[in-house]
Amino acid sequence: MPIKDEIAEFADDMCAWRRDIHAHPETAFEETRTSDIVAEKLESFGIEVHRGLAKTGVVGTLAVGNSNRAIGLRADLDALDILEENTFEHVSTHPGKMHACGHDGHTTMLLGAAKYLSETRRFNGTVQFIFQPAEENEAGGRVMCEDGLFDLFPVEAVYGMHNQPGLPLGKFGVRVGPSMASADMFEITIKGKGSHAAHPHQGADPIVTGAEIVTALQRIISRSANPIEAAVISVTQFHAGTNTNVIPETAIIKGTCRTLSGSVQDMIEARMEEVATGIARAHGLTAEITYDRRYPVLVNTKEETLKAIKAAQAVAGADNVSTDHPPTMGSEDFAWMLQHNPGCYIRVGNGEGEDGGCVVHNPNYDFNDEASVYGASYWAALVEQELSL
Ligand SMILES: [Zn+2]
Ligand SMILES: [Zn+2]
């Protein structure tokens, strides 16, 4: 029987697990209930469980046969700080928190694969099932790596997966190379001299200077970056002043930078410092910049991506796997795991229209339970293919 048909036999169980997790969303490093459920299920499948990496992370180890080869499969546990607007039965019971990115589905798909693989055992080697906390903003994957994830559980490659609303159910999308952007945060503090707003010549205005810096930052993209290479600078906050007749002492500008290459990222960081400090100095003020590199570029390695494509095609059929899936300027914590190992991050269709087309991070989003069978089957096919008997 094809893997997908065997996994479809317990699709109702997966649906129940997923909806229970959806109803009890937990955010960064507080995924204790979800982590307990994952550990209990893995243990019930006879899988060895290790807990505590990055606080709420869980690793399940399933070793079959005598091969010393090992691969890692990764899912994410966390929800978002969003007030859910759905009205179905499994709606969030934690007000202000919501599984709006489908990580409830990702956790379920990897549990489904763990159940299937522990029962069928048609492979030779070790599978590390990695359940990471805090994918959203807080880099729980990086913390797991820093806590020794791949020293304790070495693997020859690591694989990740995310649902994609708008991609039809039963389809996969992936590409070799840079697939998701780096995400850096910056903060520029401009210090001037406060004065009466009627006498600006007696002060040094951080607002006018700050406004000039905001527009000049966009010139880094249009004049310093190679137009063939993708890059985004978005100023998202500008804080200054408390009164209409006072020029304040300071202004603070914050925002984010996204790129698909490390060299563009290096260039932006360097130019941003020159532009901000240079403009401030020109007007008799100072600017200090902090530049925080949060997530690196997510780069799918060629060999592992070809393996992922083969496994996805075995599940979905050759026509249902897009191998030229467009990159996005969004970012992914899984990129940190790919800094330690070769590997691949693939998209699984969440469906179109009302069933699965609502974008992630939206208060009306829900993971499409029908995608669980495809996702779990992909994981299982990848293991049987890569750790073949
Ligand atoms: Zn998300
Ligand atoms: Zn996500």
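Visitor: Which residues touch the most other members of the largest nonpolar core?

Guide: This is a predicted model, in which local features need pLDDT of at least 70, side-chain atom pairs count only at pLDDT 80 or more, and totals for chains, interfaces and linings use all residues. Residues are numbered from 1 along each chain as its sequence is written, and chains are lettered from A and ligands numbered from 1 in the order in which they are written. A nonpolar core is a set of buried Ala, Val, Leu, Ile, Met, Phe, Trp, Tyr and Cys residues joined through C-beta atoms within 7 Å, buried meaning that 20 or more other C-beta atoms, placed from the backbone, lie within 10 Å of a residue's own. Among the 81 residues of the largest core, those touching the most other members are Leu110, Ala113, Ala312, Tyr378, Trp379 and Ala380.

Visitor: Which helix gives the most to this core?

Guide: Helices are DSSP runs of H or I with at least four residues, numbered from the N terminus, and strands are E runs of at least two. With ten residues, the greatest contribution to this core comes from helix α12 (residues 370-386).

Visitor: How far apart do the C-alpha centres of domain 1 and domain 2 lie?

Guide: The bounds, which come from an automatic or database domain assignment, give domain 1 (3-179 + 298-386) and domain 2 (182-295). Eight residues of domain 1 are in contact (C-beta atoms, placed from the backbone, within 7 Å) with nine residues of domain 2. Between the C-alpha centres of the two domains the separation is 38 Å.

Terms used
Buried ≥ 20, exposed ≤ 12 C-beta atoms within 10 Å, placed from the backbone. Contact = placed C-beta atoms within 7 Å.
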